[in-house]
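Welcome to this tour! Open your viewer, keep the sequence panel at hand, and select each stop as we reach it.

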Amino acid sequence: MVESLQQEVSPFGICTLLMEPGRFRTKLLSSQNMKKVQPIVADYSELSKATIAGLEQEDRKQPGDPVKFVEHVLDLVRGEGIAKGREVPFRLPLGKDVYEEVKRKCEETLKLLANWEEVINGTDIVE
């Protein structure tokens, strides 16, 4: 959706920035903020319990500094600080943990393209 929005509004000089934050140390995962809901589908019950337990263990242990995140976002929007003299990308992951995740995903995608290149490119109409 954001990629479509970018194409739609860029001719008007409106910039679009898609932030992909990693895990930042906020109160998001605190017991006051997390609401536990029983899954409607019973087959998801165990996965749901494991996910909630994992999130509860992460509370106040996330590696990212939320103040730094906000400072970076403001710099990007204003074109100052870390963004000064740089072209601000459309999509920017922020956080050491998300860097590794995005890198792994890109490597997996490149491997898929290499392994399936013939199939991917073999869909044209032959005349």
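Start by selecting T16. Setting aside neighbours within four places in sequence, T16 is in contact with V2, L5, Q6, V9, P89 and F90, where contact means heavy atoms within 4.5 Å. You will find T16 in the loop between helix 1 (2-9) and strand 1. Helices (H or I, at least four residues) and strands (E, at least two) are DSSP runs, numbered from the N terminus. Is T16 buried or exposed? T16 counts as buried because its relative accessibility is 14%. Buried means under 20% relative accessible area, exposed means over 50%, and partly exposed lies in between (1.4 Å probe, protein chains only).

Before moving on, a word about what you are looking at. This is a predicted model, in which local features need pLDDT of at least 70 and side-chain atom pairs count only at pLDDT 80 or more, while totals for chains, interfaces and linings use all residues. Residues are numbered from 1 along each chain as its sequence is written, and side-chain values use heavy atoms, with hydrogens and water left out.

**Into the core**

Next, select M19, F24, L76, A83 and L94. These five residues make up the largest nonpolar core. Such a core is a set of buried Ala, Val, Leu, Ile, Met, Phe, Trp, Tyr and Cys residues joined through side-chain atoms within 4.5 Å. Now keep M19 alone: not counting residues up to four places away in sequence, M19 touches F69, V73, L76, L92 and L94.

Stay with F24, which counts as buried because its relative accessibility is 15%. Add F69 to the selection. How many aromatic pairs does a search of the whole structure find? The search finds one. The ring centres of F24 and F69 are 5.0 Å apart and their planes stand at 55 degrees, so the pair is tilted. For this term, rings of Phe, Tyr and Trp (its six-membered ring) pair if their centres lie within 6.5 Å; planes under 30 degrees apart count as stacked, over 60 as edge-to-face and the rest as tilted. The pair links distant parts of the chain, with F24 in the loop between strand 1 (18-21) and helix 2 (45-58), F69 in helix 3 (residues 66-78), and the two positions 45 residues apart.

**Charged partners**

Side chains of opposite charge can pair when their charged atoms come close. How many salt bridges does the structure hold? There are seven, each being a side-chain nitrogen of Lys or Arg within 4 Å of a carboxyl oxygen of Asp or Glu.

Select R23 and D97. They form a salt bridge whose closest N and O atoms are 3.2 Å apart. R23 sits in the loop between strand 1 and helix 2 and D97 in helix 4, so this pair ties together parts that are 74 residues apart in sequence. R23 is partly exposed at 37% relative accessibility, whereas D97 is buried, with a relative accessible area of 16%.

Go on to K36 and E56, whose side chains meet in a salt bridge (2.6 Å, N to O). This pair, too, links distant parts of the chain: K36 belongs to the loop between strand 1 and helix 2, E56 to helix 2, and they are 20 residues apart. K36 is exposed at 56% relative accessible area, and E56 is partly exposed at 36%.

For a pair within one helix, pick E46 and K49. The closest N and O atoms of their salt bridge are 3.7 Å apart. Because they are three residues apart in helix 2, about one helical turn separates them. Both residues are exposed. Then select E3, E20 and R91, which are linked in a network of salt bridges.

**Loops and surface**

Select K27, in the loop between strand 1 and helix 2. K27 is exposed, with a relative accessible area of 57%. Not counting residues up to four places away in sequence, K27 touches N33 and R60.

Step across to R60, in the loop between helix 2 and helix 3. Most residues other than glycine have a negative phi. R60 is not a glycine, yet its phi is positive, about 65 degrees. R60 is partly exposed, with a relative accessible area of 43%.

Finish at L112, a residue of helix 4 (residues 96-121). L112 counts as partly exposed because its relative accessibility is 46%.
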